[in-house]
Amino acid sequence: MTTLSPNTLRAATRRTPPPGTTASPPPVLSVRDVRIGDRVTGRDAVHGVGFELTPGRTVGIVGESGSGKTLTCRAALGILPDRFEVSGGSVEIDGTDIATLTPHRWTELRGATISAVFQDPASYLNPSLRVGAQIAEVVRVKKGLGRREARHRALQLLRAVRLHDPELVYGQYTYELSGGMLQRVLIAAAIAADPRVLIADEATTALDVTVQAEILDLLADLRERTGLALVVVSHDLAVVAQLCDEVLVMRRGEVVEQGPTASVLNDPRHEYTRLLIAEHEQYGLEKFLAPKENA
């Protein structure tokens, strides 16, 4: 049976307070038995997903393409494609049921309470505007700051995401930056209004291993410093092992296994979870897993 290394288990234990030590804060994101229907086929594409996320915690969602990971996150953000709708269950953001939100209220919440970073940052940044100005605009709209204050805040954010020479980067366009730099810029824009929840949907998939590790370290640092709650969507179990307190394993729209990350990876109960672990051991997961015992 596959087992986690002692170092990984200790890291997971540090992230999980002993029972009864302190009362947990109220969740900032609650997804309760959510079903997502496909208007075209008349069938549910996601069947009963549920989890709660409190400040400073990280939930990972893993599974193959088409398993429902991204649809679940888009439901939480209120940006499902037109053909899909939440057909059952509920989503609450900071105690508010999103079914009650008006378009105006959604505009207020996105970025300020819940935000997101996606796989292709270039698709979410305007190539005709300098990247610093785009971050400053988010600050102006969400925080009501003037131009000078917004520029100062944008430079602070570029430093916070560990970009060298923020003044230079502020004045550059997307085509002048590498993929890793663009992802940092997008994270800076996503946290510009101090959201309580950040959804990272395959945010490191297109990056090389070294840059991916730097981005994951950045997200962990933001979580620890600010209490940011994270939802990390990935097909990479090594990413989940490194960053997440809890993991949901999805297949064909269903959660087939769910629990503390160390428990799920150390003692997988479902055949599909075991298959994912076996497939990923050769792609970076092995550093988090102890050698298998001989039968």
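## Confidence in the model

The pLDDT is the predictor's own confidence in each residue, on a scale from 0 to 100. What you have here is a predicted model, and its mean pLDDT is 86, with 87% of the residues reaching 70 or more. A stretch to treat separately is residues 1-18, where the pLDDT is below 50. Beyond near neighbours in sequence, this stretch has 36 contacts in the model.

## Nonpolar cores

Let's turn to the interior. The largest nonpolar core is made up of 53 residues. Ile135, Leu158, Val185, Ile187, Leu198, Leu219 and Leu243 are the ones with the most contacts inside this core. Another core, of 34 residues, lies apart from the largest one; Val49, Ile114, Val231 and Val233 are among its members.

## Helix α2

Helix α2 covers residues 69-77, and it is largely enclosed by the rest of the structure, because seven of its nine residues are buried. Those buried residues are Lys69, Leu71, Thr72, Cys73, Ala75, Ala76 and Leu77. Have a look, too, at what follows the helix: Gly78, just after α2, takes a positive phi of about 70 degrees.

## Aromatic rings

A pair of aromatic rings is described by the distance of the centres and the angle of the planes. Searching the whole structure turns up two such pairs. In one of them, the ring centres of Phe118 and Tyr124 are 4.9 Å apart and the planes meet at 20 degrees; planes under 30 degrees apart count as stacked, so this pair is stacked. Phe118 has 11% relative accessibility and therefore counts as buried, whereas Tyr124, with a relative accessible area of 41%, is partly exposed.

Tyr173 and Tyr175 also form a stacked pair, with 5.9 Å from centre to centre and 5 degrees between the planes. Tyr173 is partly exposed, at a relative accessible area of 21%, while Tyr175 counts as exposed at 65% relative accessibility. One further ring is worth a visit: Arg151 lies over the face of Tyr170, 4.7 Å from the ring centre.

## Around Thr273

Our last stop is Thr273, which lies in helix α11, residues 271-280. With a relative accessible area of 2%, Thr273 falls under the 20% cut-off and is therefore buried. Its side chain makes a polar contact of 2.7 Å with the side chain of Glu257.

Glu257 also appears among the residues that Thr273 touches once neighbours within four places in sequence are left aside. The others in contact with Thr273 are Val249, Val256, Val264 and Pro268.

Definitions and conventions: Residues numbered from 1 in each chain as written. Predicted model: local features only at pLDDT ≥ 70, side-chain atom pairs only at ≥ 80, totals over all residues. Heavy atoms only, no water. Core = buried A, V, L, I, M, F, W, Y, C linked by side-chain atoms within 4.5 Å. Buried < 20%, exposed > 50% of the residue type's maximum accessible area, 1.4 Å probe, protein only. Contact = heavy atoms within 4.5 Å. Helix = DSSP H or I, 4+ residues; strand = E, 2+ residues; numbered from the N terminus. Phe/Tyr/Trp six-rings, centres within 6.5 Å; stacked < 30°, edge-to-face > 60°. Lys NZ or Arg CZ within 6 Å of the ring centre and 35° of its normal. Polar contact = N/O pair within 3.5 Å; in protein donor to acceptor, adjacent residues only side chain to side chain.
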